[in-house]
Structures are given as structure tokens and as C-alpha cells.
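Let's work through how some helices pack, one question at a time. Have a look at the model first.

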Amino acid sequence: MARTDVQLMLDVKAGDEASFELLLHRYRTPLVNFLYRMVRNREQAEDLAQEVFLRVYRAREDYVPSAKFTTWLFRIATNLALNSVRDTRYRKLEISIDAPITTDAEDGDERPLDVPEKRPNIEQHLVEDARRKMIRHAIDKLPEKQRAAVLLHKYQELDYAEIAKILACSESALKSLLFRAYEALRVELAPLVAQQVRNQG
Amino acid sequence: MSCERMESRILGYLDGRLKESEKLEVEKHLAKCAPCRLRVEEFRAVSGLLEELPVIEPSPEFDMRVHALVAAEPVKQSWWVWLHVQPRVAFAASMLLLAAIWLGHYRQPQTQSPWNDPVVADEQMMQDLPVLEDHDVLSNFEPLKELPPPVQNEEAQSQQQPM
């Protein structure tokens, strides 16, 4: 039977390096994806994810399993991401407020795993690409805290209590945050949403 | 239930995280409120669109970089860890400690000599006083200092001569 995250972390605390390796393997992909969607830069996302693991390792001796391991892990990641986003925004403002800001995703940095090698046709590829771009832009436009809430809720599938702890807010405040985020996405993605609703109906 | 209260439940309803009673309440409201029904459908569509984003994999160097960061961390070692790593040192230290305790414990009665009692010590000194006085007289007796050094016996002298 696979050891739980808390058991692994307690083993790391006791000096077992192999358990740290297992945690690294278990969480590197979710962390990199979460951070990538937060900061919109692949290299920066990897740097931040490495920093998260380093902080986990540094804190091993003082680790007390008072909360779920994922709550702790994503709290570190969220704080790092929010600081990074604020720093980047500040730097970009300093450089120029006129220059167009392009993201890695627009430069084709994202390497999807689930894209088939042989595409039916180039037109479908362009349509899919445009849809993804719209969705990414809609997420990017969300205020940072709303973005973090949506990402943790949708992609990490954490429960409300966990996400509320990560974002240091109450559960009711989180529900309101998520509602506002979904409302903003609904408006931003209106054409795609209408199409989707028609298909569902 | 009002449309405002739907706001805090709509995502829970879509996720299937509501309690049974809350779920029934939501469904009752949706049955008679077309705008809320549409909003639920639209939120469901948003959720579906979010799933279209692909998952990215960390670069092949990711693990290596984490290992390098961890390896560069200074090793924090306390005395206890050091003793744990060096069992011989731990054994020697514990032996030393036991010896110290033993000496402290068993040597204690010997130090309870009559000299520790001031009255007994004074009496003893008074008894030894004539001897001490004789010693003082002899060591300071001037004519004795003028005597030639004692003659070594012949045997000792012959042993010291080279062969």
C-alpha cells in the first residue's frame, strides 16, 4: 500500500531521502502546472516549483502534520506565485506601460501532452489553438487570488476548506471568490460558453 | 431559496459537494427559476472549457535541479546527531561519565578524614608540632650547611666509570 503524504514527510523528517524523492515525483507535475498557470512563464514556474520543494526540505525537521500535506504544499506555492506575479507586474510597469506584453503561451511555449500527432486538418488545429488562447487569456485576466482559487479548485480538486486555508480566508469568502471568478470567466468566454451550452442542450 | 443564496451553492451543486438537503433545495429553486438554470448551464460550460487546457510536464532537468538545491543545503548537525554517527565516541563519552560518577560517589567517604574536623585537626597539629620544630631547626642549622657534600660509595663510582 502506498504511503500517505504525511507518512512520507515524517520519513523525510527522520532522515529518509528516498521519501523526499517520492514526494518530488508525486507533486512536481501538479505544482509546475499550477505555477505555470499562475505566472504564465514556464521557466519561472519551474524555478518556483523547485523553490517549493527546497522549502519543504528545509522545513522537514520542524514538520508537524497539523494539516493536510497538500494544504501546506500549495500554500507555499501560492504565496510564492502571488509574490512573483506582483513583482513581475511591478517590473513590467517600470519597463514600459506602452510596450505590448506577450506571454510564453502566445509564443507557443506550451507543449500539450494530449494533442494527437496526426491532426485531421490544419483548420481544426487553428480553431483548437484559438480556443485555448481565449481560455488562457480569460484565466490570466482574473485577479490573482481569484485565479489561484479557480486553479486549486478546478485542477488540484482540493476541497473548499483546504483552499480557504491556502488562501487564508474563510470558506464563505472562498465560495464568493469562486463565484465571482466563474462569473468573470462566463462573461469573458461568452461566445465559447454559448456554443458549449448549445452543444449540451 | 433566493437567487442570491444560489451564489454560494452553485459551484458546490456542480461539483456534487452539497449535502443532500442543500442539493434538494437547489433543485427546487432551479425548477422554477429559468435565469438560475441558465447560469448553472453556463458555469458547467466554463468548467468544461477549463478542462481543455493541456497539462505540461516538467523539463527533464527538473529533478536534477531540485537535487542540486537540496545538496547545497548546509547540514545541520547537533551534538546528539554527531554522537549517533560516531558510536565509539558515544561509548567513550558514556564511560567517562560513569567513571566521573563513580569517583564522585566512592571517593566521598575518604575525603571525610579527621582533617576535615577542625578540632581534630588542631589536636593532630599540636602533637606533630615538636617534629615540625625539629625539622625547622635542622633545616636552618648553619654549621650543617657548611659540611662537605656526602661521599658516594665506591661501588656506585666504579659503575659510573667508562669501560
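Q: Are α3(A) and α5(B) roughly parallel, roughly perpendicular or oblique to each other?
A: Keep in mind that this is a predicted model. The axes of α3(A) and α5(B) lie 10 Å apart and make an angle of about 40°. Roughly parallel needs an angle under 35 degrees, and roughly perpendicular runs from 65 to 115. The angle fits neither range, so α3(A) and α5(B) are oblique.

Q: How many residues of the contact of α3(A) with α5(B) are nonpolar?
A: On the α3(A) side you'll find Glu46(A), Gln50(A), Phe53(A), Leu54(A) and Tyr57(A). Helix α5(B) brings Phe62(B), Arg65(B), Val66(B), Leu69(B) and Val70(B). Sort them by type and you get one polar, two charged and, for the nonpolar ones, seven.

Q: Which helix supplies the largest share of the side of chain A that touches chain B?
A: Zoom out to the whole interface: 37 residues of chain A are in contact with 29 residues of chain B. On the chain A side, α2, α3, α5, α8 and α9 each give at least two residues. The largest share is eight residues, and it comes from α8(A).

Q: Is the crossing of α1(A) and α2(A) left-handed or right-handed?
A: Now stay inside chain A, where the axes of α1(A) and α2(A) are 7 Å apart at an angle of about 140°. Among the residues that meet are Leu8(A) and Met9(A) from α1(A) and Phe20(A) and Leu23(A) from α2(A). As for its hand, this crossing is left-handed.

Notes:
Residues numbered from 1 in each chain as written. Chains lettered and ligands numbered in written order. Predicted model: local features only at pLDDT ≥ 70, side-chain atom pairs only at ≥ 80, totals over all residues. Contact = placed C-beta atoms within 7 Å. Helix = DSSP H or I, 4+ residues; strand = E, 2+ residues; numbered from the N terminus. Axes fitted to C-alpha atoms, helices over the stretch in contact; angles between N-to-C directions. Parallel < 35°, antiparallel > 145°, perpendicular 65-115°, else oblique. Nonpolar A, V, L, I, M, F, W, Y, C, P; charged D, E, K, R; others polar. Left-handed = near helix turned anticlockwise from the far one by under 90°.
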